[in-house]
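Q: Please take a close look at a single part of this model. Start from that part, then place it in the chain and in the assembly around it.

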2 protein chains.
Amino acid sequence: MGWGDLGAFGEPSKETPNLDQMASEGMLFLDFYSASPLCSPSRAALLTGRLPVRNGFYTTNAHARNAYTPQDIVGGIPDSELLLPELLKKAGYVNKIIGKWHLGHRPHFHPLKHGFDEWFGSPNCHFGPFDNRALPNIPVYRDWEMIGRYYEDFKIDLKTGESNLTQLYLQEALDFITKQQASQQPFFLYWAIDATHAPVYASKHFLGTSQRGLYGDAVREIDDSVGKLLGHLQQLGISENTFVFFTSDNGAALISAPKQGGSNGRFLCGKQTTFEGGMREPAIAWWPGHIPAGQVSHQLGSVMDLFSTSLSLVGLQPPMDRQIDGIDLLPALLQGKLIDRPIFYYRGNEMMAVRVRLYKAHYWTWSNSWEEYSKGVDFCPGQNVSGVTTHTQEEHTTLPLLFHLGRDPGEKYPLSFASDEYQRVMEQISVIVQQHKVTMVPGEPQLNVCDRAVMNWSPPGCEKLGKCLTPPKPDPKKCFWPH
Amino acid sequence: MGWGDLGAFGEPSKETPNLDQMASEGMLFLDFYSASPLCSPSRAALLTGRLPVRNGFYTTNAHARNAYTPQDIVGGIPDSELLLPELLKKAGYVNKIIGKWHLGHRPHFHPLKHGFDEWFGSPNCHFGPFDNRALPNIPVYRDWEMIGRYYEDFKIDLKTGESNLTQLYLQEALDFITKQQASQQPFFLYWAIDATHAPVYASKHFLGTSQRGLYGDAVREIDDSVGKLLGHLQQLGISENTFVFFTSDNGAALISAPKQGGSNGRFLCGKQTTFEGGMREPAIAWWPGHIPAGQVSHQLGSVMDLFSTSLSLVGLQPPMDRQIDGIDLLPALLQGKLIDRPIFYYRGNEMMAVRVRLYKAHYWTWSNSWEEYSKGVDFCPGQNVSGVTTHTQEEHTTLPLLFHLGRDPGEKYPLSFASDEYQRVMEQISVIVQQHKVTMVPGEPQLNVCDRAVMNWSPPGCEKLGKCLTPPKPDPKKCFWPH
């Protein structure tokens, strides 16, 4: 999803009454960021509280390239990383993931080995292979074992966009919450739905209900589901004991627009880029009786903050043996305070940009290569800001491009290098960046090696279903990351 | 102002609490349009309920050119036009205009000759001349007579952007409302402030208070003023008897961005163009006790509808001897009905585009000429949609460019001419356009002739102030309209 996909964020069809109401009953964050312009690294950062460059969810195969976890990836979340559910367990929490995991699919990366107690969903995204039978379709798990595969047992009609997956994920969530309430055990639910990822899908009841086409149908189904989840918490009488946060893992994929891609509002470009459209996210916090209703926050936030904030909520300290990039947002949430902190925008192994208060400095720019662009891959359709949305990797480390995101949220007008404002602001930012770079110790990159042999040929449980496939011989290679 | 300038419409700084509250207490229109991408024609249409091509606020000096009322314009609103205040008088209303008139500045165009009973404000916009003394500064009137001039008696500090004009306009409005309530006379107040027009200004109290710079300061002052006006109606106990509508006369002028121009959200281009950014407007209706609170409407609306709606509110019929383009919005406002009607997008003498439900067909495209563009005049900064934001006037009358504004509000992806959807929709639209064109009788164009002799050298009242200037000899010429 993109920043501009919800009514509360100005989507011109305003079709998200439940999320808008969630905002009106809670706190709307206007300056909230993913940890990466891409899915897997952002999700790894959410669950570890650490930048992908620290937790290993990046590549060094090429400079400033986005990488994720396709079926042939060898790596995944390292055992050395401490995930939020592992820590919450210590406070007696039962942890469940519903939906997309995306932190590696080989057995030792299984979410139940990393702190989750239950799982219903998939290790990878539901895109490709689309039942072509030459490659394994993506498996769907219940807890330890595969219970079927996409396109075989869990249908997505690529022609009509019909699939009931979000309804399955919703029911699973409602049941889990009911069970937890009945057993009086505290819980952490990571409801990681993926209907707005291409190929976008919605269930029959929602198809054709949006002004925005299939993408809007999917958003409406998610909106409806959130309404049902919040309503369920209220009905069970546990809403005042349940902290809920809604956000996304990266900006809208404009490459899939207009049919399968959402909106980043007036922000520049989208998914895959470190412009605002790639990383600024819709974000809503809800906790009746604790977070005052109808608040709007300009706190600079990050999905990594959900790690630290969750620990704070349950009375735990973040791990002291490693650098945590997330901060505890409770002062912002409960007292409306503004905590001064920078946001770093990474693409693979490179810090592309940094935001300090209202200023954003680009140390590197690029959207994608001329070669890819000439093939029709466009992360900035209809947009071209000269010297900004570049098609070569351009270095600006000695004279970063500086934007004021209040006056110019669309990153169209770099400040003059000669201006007093530029000089004054860059002096402050340089110190912050230098400090960040000097103390940065990158983790071992996990997304460098690919091998068709590690694909989901024979996930655990396949034998019971008669769905085991024979893997080819191992043939590890450097993964190719074009963007 | 642009569609994206208010918090309720997704401005990323969300700094308009009063207008957002007005929306939450009333009805937010997401699909509301000006009658022209430029000020004067749009205002003439608002007050006559008729397209500028009918009421004369256009030029035939060149094809599809924007024209307005600078100081040297010879024309203005024709006596043959019936303005809203002229009609409201019949129902016993006292009519006041505060702020910018812009329907001609020569004596017979004076607003008090066209139905207004009172006036505090200016016949022209406050831009240029900037006190250069070679040309008359714009006069400010109280009723029949000039009481001073901009930059002489009514200051705007071009360096700091400081001016107390909005405060003067606010106080004048509060006083008028108080007086009308005391005398129990119904009133129509046209509060035509202009602080967000370049050169943008705000009073001292608001300077530096916005994340958005001076433009945001001006928006904040307007927002604060609207809050004070609505609060005043409530304090006087007449809010349930007062219909209030907030909108703008054209989209944000991106040519003045980022310092002096606002935001059109995710819509394409801005002022001067017939893309959505040029004509889709923020719009909020407020009438406690009548319009249900918290409504969002997808009614296609136009500033011209305020003419017909106002007449309907006071129990009058629109004039039957002429074509009225505005419709009565009361069914949409009071019963949430959707009235099916097209929106026509004109630029000067040409119908550029038409919207029917969610589809928009462009019969002509252009932003501005290569010549102007090469001089730095850019109505679509950072945006370039190939074949759409053209720099020559391109005709598509045989195969209009068709967009679906739900899936593609940014007008970036024209539908394929070969698609069934294109064929089906264009069949419907063609009938509507043909009907419109066949019955269209353009009015006498008023914006063709310019003459420096008609400038505000000696407005009525100048002799009392010692501010009469000597006009040059008459020298009428064709006005030059580059855009």
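A: Strands here are DSSP runs of E with at least two residues, while helices are runs of H or I with at least four, and both are numbered from the N terminus. The model is predicted. The part chosen is helix α8 of chain A, residues 305-313.

Start with burial. The cut-off for a buried residue is under 20% relative accessible area. Of the 9 residues in α8(A), 7 are buried, so the helix is largely enclosed by the rest of the structure. The buried set begins with A:D305, A:L306 and A:F307. It continues with A:S308, A:T309, A:S310 and A:L311.

Next, the surroundings. The buried residues of α8(A) pack against both helices and strands of chain A. The helices are α2 (39-48), α4 (84-89) and α9 (330-335). The strands are β1 (27-33), β7 (244-246) and β10 (301-302). After the helix comes A:G315, with a positive phi near 80°.

One partner deserves its own look: α2(A). All 10 of its 10 residues are buried, and the helix is mostly covered. The buried residues of α2(A) include A:C39, A:S40, A:P41, A:S42 and A:R43. A:A44, A:A45, A:L46, A:L47 and A:T48 are also buried. The packing is reciprocal in the listing: α8 of chain A appears among the elements that the buried residues of α2(A) pack against. The other elements are α3 (52-55), α4, β2 (94-100) and β6 (187-192). So α4 is named for the buried residues of α8(A) and again for those of α2(A). Just after α2(A) sits A:G49, with a positive phi of about 70°.

Two of these neighbours lead on to backbone details. Take β2 of chain A. A:H102 lies in the loop between β2 and β3 (118-122) of chain A. Phi of A:H102 is positive, near 70°, in a residue other than glycine. A:H102 is buried, at a relative accessible area of 1%. Now take β6. A:P199 lies in the loop between β6 and α6 (214-235) of chain A. The peptide bond joining A:A198 and A:P199 is cis, with omega about -5°.

Step back to the whole chain. Chain A holds 12 helices and 18 strands. Its radius of gyration is 21 Å, close to the 23 Å that the globule rule gives for 483 residues, so chain A is as compact as a globular protein of that length. The C-alpha trace of chain A spans about 70 × 55 × 50 Å along its principal axes. Buried residues account for 64% of the 483 residues in chain A. Contacts reach far along the sequence: of those between residues at least 6 apart, 69% join residues at least 24 apart.

The surface comes next. Chain A exposes about 17500 Å², and carbon and sulfur atoms supply 53% of that area. Chain A carries 43 positive and 50 negative side chains. The centres of the two sets lie 3 Å apart.

Then the second copy. Chain B superposes on chain A by a rotation of 180° with 0.0 Å of shift along its axis, at an RMSD of 0.0 Å. The two copies are thus related as by a two-fold rotation axis. The same surface serves both copies: 100% of the contact residues of chain B recur in chain A. Within chain B, B:G10 comes closest to the rotation axis, with its C-alpha at 1.8 Å.

Chain B has local features to check too. B:H102 is in the loop between β2 (94-100) and β3 (118-122) of chain B. Its phi is positive, near 70°, in a residue other than glycine. B:H102 is buried, with a relative accessible area of 1%. A cis peptide bond joins B:A257 and B:P258, with omega about 0°. B:P258 is in the loop between β7 (244-246) and α7 (276-279) of chain B.

Another proline ends the tour. B:P292 sits in the loop between β8 (280-286) and β9 (295-297) of chain B. With a relative accessible area of 38%, B:P292 is partly exposed. Leaving aside residues up to four places away in sequence, B:P292 touches B:G26, B:L333 and B:L334. B:Q335 is 43 residues from B:P292 in sequence, yet their C-alpha atoms are 8.8 Å apart in space.

Note on methods. Residues numbered from 1 in each chain as written. Chains lettered and ligands numbered in written order. Heavy atoms only, no water. Rg over C-alpha atoms; globule rule 2.2 N^0.38 Å. Buried < 20%, exposed > 50% of the residue type's maximum accessible area, 1.4 Å probe, protein only. Contact = heavy atoms within 4.5 Å. Areas by Shrake-Rupley, 256 points an atom, 1.4 Å probe, with all protein chains shown as cover. Lys, Arg positive; Asp, Glu negative; His and termini not counted. Charge placed at Lys NZ, Arg CZ, Asp CG, Glu CD. Least-squares fit on C-alpha atoms with pLDDT ≥ 70 in both.
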